[in-house]
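Trainee: I would like a close look at a single part of this model, taken slowly and with the terms spelled out.

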Amino acid sequence: MTWQNVQNNFYLQTIEKRISSQENLSWCNQITDLLSADIALLRKQQGLVLNDIGCQTMQLYKAIMSKAMPLNYVGFDIDETYRTIAKKHIKGFTENMYNSLDITSSQPPLSTYTVMSATLEHLDE
């Protein structure tokens with residue numbers, strides 16, 4: 001299994017424009033809406049962790065923060081280009097929020113929630 005890179009300048013400009021916008025992407029709102037009911041039940045539990053596999057520029061983190069959700073977010077991506085863009089646009093960005101991970105050869109640590117959006121289509125069979 002190998003990683004399929006689909007970047008070009010137009011694509012990178014588009015994702016940078018999206019992350020710099022104040023609006024959340026629709027899929028991020030859908031995920032945070034799904035998590036909201038569950039988190040309400042678990043709110044008293046400390047240390048809720050969300051792994052975002054293939055986090056790209058941390059769009060999901062942006063949505064989580066905009067809704068003040070009590071989650072410890074950890075993003076994973078194989079491409080350092082996205083880290084550079086996220087670091088530029090995400091308020092409160094820290095290095096431990098964004099980790100390099102190749103899902104074809106390793107697994108992320110355990111978490112309360114794991115999201116893997118727009119990732120599997122980049123893998124060969």
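At the start of H1, which backbone nitrogen does a side-chain oxygen of Asn8 come within reach of?

Mentor: The backbone nitrogen is that of Phe10, and the side-chain oxygen of Asn8 reaches to within 3.1 Å of it, inside the 3.5 Å limit for N or O pairs in a polar contact. This is a predicted model, in which local features need pLDDT (confidence from 0 to 100) of at least 70 and side-chain atom pairs 80 or more, while totals for chains, interfaces and linings use all residues. Residues are numbered from 1 along each chain, and side-chain values use heavy atoms, without hydrogens or water. The mean pLDDT of the protein is 86, with 86% of its residues at 70 or more.

H1, a DSSP run (H or I, at least four residues), has 12 residues that should span 16 Å at 1.5 Å a residue (times one less than their number), which agrees with the 17 Å between its end C-alpha atoms. Its buried residues (under 20% relative accessible area) are Leu12, Ile15 and Ile19; they lie on the same side of H1, because they cover an arc of only 65° around the axis, taken from the directions to the C-beta atoms. H3 and H4 are among the elements that cover these buried residues, where contact means heavy atoms within 4.5 Å. The face of H1 turned away from the buried side carries Asn9, Phe10, Gln13 and Lys17, which are exposed (over 50%), so that Phe10, whose backbone nitrogen Asn8 approaches, belongs to that outward face.

Conventions. Helix = DSSP H or I, 4+ residues; strand = E, 2+ residues; numbered from the N terminus. Buried < 20%, exposed > 50% of the residue type's maximum accessible area, 1.4 Å probe, protein only. Polar contact = N/O pair within 3.5 Å; in protein donor to acceptor, adjacent residues only side chain to side chain.
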